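Reader: I'm new to this one. Please walk me through it, starting with the pockets.

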Amino acid sequence: MNFTELLSPMYVTLFILLIVSFFFIQGKVRSDLVAMCALLALALFGILEPAEALAGFSNSVVIMMIGLFIVGAGIFRTGLAKMLSSKILLLAGKNENLLFFLVMLVTASVGAFISNTGTVAVMLPIVMSMATDANISSRRYLMPMAFASSMGLFTLISTPPNLVIQENLVKGGYEALSFFSFAPVGFVALSVGIVVLFFLSKLLVSKKDGGERKDKKGRTLRELAESYNLHEQLHIVSVSAASPLVGKTLAELSLPSRYEVGIVKLVHVDRSFKLKKNVIKEQAGPDSVILADDVLYCNGSAENIERFAAENQLQVDQANEKELKSLFRNYGIAEVFIMPKSRLINLTILEIGFREKYNLTVVGIERNGEYLLEDIKNTKLHAGDALLVQGTWTEIANLADNQEDIILAGQPLKEASKVTLDHKAPIAAGIMLCMIVVMVLDIIPAVIAVLIAATLMVILGCLRNMEEAYNSINWESVVLIAAMMPMATAFEKTGVTNLISGGLMTTFGDMGPYVLLAGIYFCTSLLTMFISNTATAVLLAPIAMQTALSMDYSPYPFLFAVAVAASMCFASPFSTPPNALVMGAGGYTFTDYIKVGLPLQIIMGIVMVFILPMLFGF
């Protein structure tokens, strides 16, 4: 092979694909940026015309995804999804097995209509509270819940890969799928998932997980205090009249930046009464003023506290367990988790202004099983990080209103049971229902129905304004799929599709359609472990279709295999956002996903290889 042949469009396209796959697998560069660079490279090398390169941004699948993000945001904002989920889960009471079944069923059902990441964001605090109330470990439920969000393949709009294969079928001149074409597949997937995970999920729970009664905010206060070494971090400091701190506000003092010390609570002693002293307790805030004889509850390392005290004429005592419990009567601690697409990612606590924004203090960060307690304010946050926050129970509960960025791990059960419908929730439900009916009856094109529903969510007040609608869109996913679609066009133009499909036919073709279907399914399943399920579906759907047509088979079971395999990736915590989201909340390790997710992924693939031909025929 000479140099000229290496510069042929086919080899250039394959080289670009190789580079793209490397960066996708490495994961250090955003996937949408990688996809955009690949798109520009294809255009610069003349493989795609400008119109072909930009076609993905006007594709109906991409436009429909944008609309569905907005519709889902309306459902979340009005509290409809949260209310329905919590009411149904309350039916389980303290029955461990019934709770498992309902978690799987409710999560899959909600995930059939709205994004699986959003579904898990709604379900996670509710499920943790249910497990806490029943005095059982939430570890058994959180990973199956994440998997169930991907099993809800009951509708055309449940996952982007479903829309991708619909696009390929229509483009190939085949009959379009109906809204509920995936329902039989979803039923089988959920049934298999429930049976398999009912037994495998027990491997996630050890005897030590279920014994102690949990606090209403998730883990016990003792567990949280021990995990984050809170006993050694909390100190009581007495302020003398000669201290330079007297008369100054906490904002003026900037103690976190100067000493890496945070003030949690101030106790003012009023000695104007001669018979007894009057004690006034105050939660620390930027405007809190330090007075003579105050007692300050501080958190920080012993070294930093000593330096703080020495420079400001203070007396230090480390808090004992009794004082710690006394503090938690009105001031609580809880864990919150950073969402996969949170706006807080790559920002430090200082840059966020966490204290000013949420009126809470971050006293520790858990990342991949390690606890970060030093220089917290300058630590950049990662997706899935757990933050230990401290403040009043009221302020902690208010974090539940910020689910686009963070999730409160463990909502009080009594609060979950009292979730009331926002006055706009019936309107959101009506819009969603009308959209589904219109799509089922095929009255107007599906993309138009979705855009109408998205627009009505804003006009009728289910979302506050257009800014909130725009903020609800996961632009990384939108740009990723829009930029990867022309890659499939480049495959067809340069012969890459024929090359790969020819390889599949040569390898599996003589072994029969079932073996060929298994080859396509497990190739998709393997690739999805390393790159986005949407990108995998975009790349492999045309290859699966070409392979089926070349062997004179119906393309339907092969395209369904791509969609299902791309969605059913369980063996890695990083293959889907829901998998990553529950990793910190459940305290899972990579090994947990291997021992539970990998068997499920293999079993699901074997079942689907036999079921899909029965449903759609070769």
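**A pocket, some helices and a few loops**

Reader: What volume does the second largest pocket have?
Author: A pocket here is an open set of points on a 1 Å grid over the protein atoms alone where a 1.4 Å probe fits, with protein on both sides within 12 Å along at least five of seven lines. Volume is the space filled by probe spheres set on those points, which are joined across faces, edges and corners. For the second largest pocket, that comes to about 730 Å³.

Reader: What kind of model is this, and how many residues are in the protein?
Author: It's a predicted model, with local features needing pLDDT of at least 70 and side-chain atom pairs counting only at pLDDT 80 or more, while totals for chains, interfaces and linings use all residues. Residues are numbered from 1 along each chain as its sequence is written, and side-chain values use heavy atoms, leaving out hydrogens and water. Helices (DSSP runs of H or I, at least four residues) and strands (runs of E, at least two) are numbered from the N terminus, and the protein has 31 helices and 10 strands. Buried residues (under 20% relative accessible area with a 1.4 Å probe, protein chains only) make up 56% of the total, which is 618 residues.

Reader: Back to the second largest pocket: which residues of its lining are closest to its centre?
Author: Lining residues have an atom within 4 Å of a point of the pocket. Helices H14 (250-253), H15 (255-259), H18 (349-352) and H19 (354-358) and strands E2 (262-270) and E7 (361-367) each supply at least two of them. Of the 33 that line the second largest pocket, those closest to the centre are Pro 256, Val 261, Gly 262, Arg 355 and Thr 361.

Reader: How many of the residues of that lining are nonpolar, polar and charged?
Author: Ala, Val, Leu, Ile, Met, Phe, Trp, Tyr, Cys and Pro count as nonpolar, Asp, Glu, Lys and Arg as charged, and the others, Gly among them, as polar. Sorted that way, the lining of the second largest pocket divides into 16 nonpolar, 11 polar and 6 charged.

Reader: Are H22 and H23 roughly parallel or roughly antiparallel?
Author: Axes are lines fitted to C-alpha atoms over the stretch in contact, with angles between N-to-C directions running from 0 to 180 degrees. H22 (residues 425-441) and H23 (residues 446-459) pack at about 170°, their axes 9 Å apart. Angles over 145 degrees count as roughly antiparallel, so H22 and H23 are roughly antiparallel.

Reader: How many nonpolar, polar and charged residues make that contact of H22 with H23?
Author: Contact means heavy atoms within 4.5 Å. From H22 come Ala 428, Ile 431, Met 435, Val 438 and Met 439, and from H23 come Ala 446, Ala 449, Val 450, Ala 453, Leu 456 and Met 457. By class that gives 11 nonpolar, no polar and no charged residues.

Reader: What does the contact of H5 with H25 hold, by class?
Author: H5 (residues 60-77) and H25 (residues 475-494) pack at about 170° with axes 10 Å apart, so they too are roughly antiparallel. Val 61, Val 62, Met 65, Ile 66 and Phe 69 of H5 meet Trp 475, Ser 477, Val 478, Ile 481, Ala 482 and Met 485 of H25. The tally is 10 nonpolar, 1 polar and no charged residues.

Reader: Which residues does Val 479 contact, leaving aside neighbours within four places in sequence?
Author: Val 479 belongs to H25. Its C-alpha is 8.9 Å from that of Gly 56, although the two are 423 residues apart along the chain. With those sequence neighbours left out, Val 479 contacts Asp 32 and Met 36.

Reader: Is Ala 571 buried or exposed?
Author: Ala 571 sits in the loop between H29 (555-567) and H30 (577-586). Beyond four places in sequence, its contacts are Met 529, Tyr 593, Ile 594, Gly 597, Leu 598 and Gln 601. Its relative accessibility is 1%, so Ala 571 counts as buried.

Reader: Which residues does Ser 243 contact beyond four places in sequence?
Author: Ser 243 lies in the loop between strand E1 (234-239) and H14. With 5% relative accessible area, Ser 243 is buried. Those contacts are Asn 312, Gln 313 and Leu 314.

Reader: What is the phi of Gln 313 near?
Author: Gln 313 is in the loop between H16 (302-312) and E5 (314-318). At 45% relative accessibility, Gln 313 is partly exposed, the class from 20% to 50%. Its phi is positive, though the residue is not glycine, and is near 55°.

Reader: Is Asp 552 buried or exposed?
Author: Asp 552 is in the loop between H28 (533-550) and H29. Its phi is positive too, about 60°, although it isn't a glycine. Exposed means over 50%, and Asp 552 has a relative accessible area of 70%, so it is exposed.

Note on methods
Angles under 35 degrees count as roughly parallel, over 145 as roughly antiparallel, 65 to 115 as roughly perpendicular and the rest as oblique.
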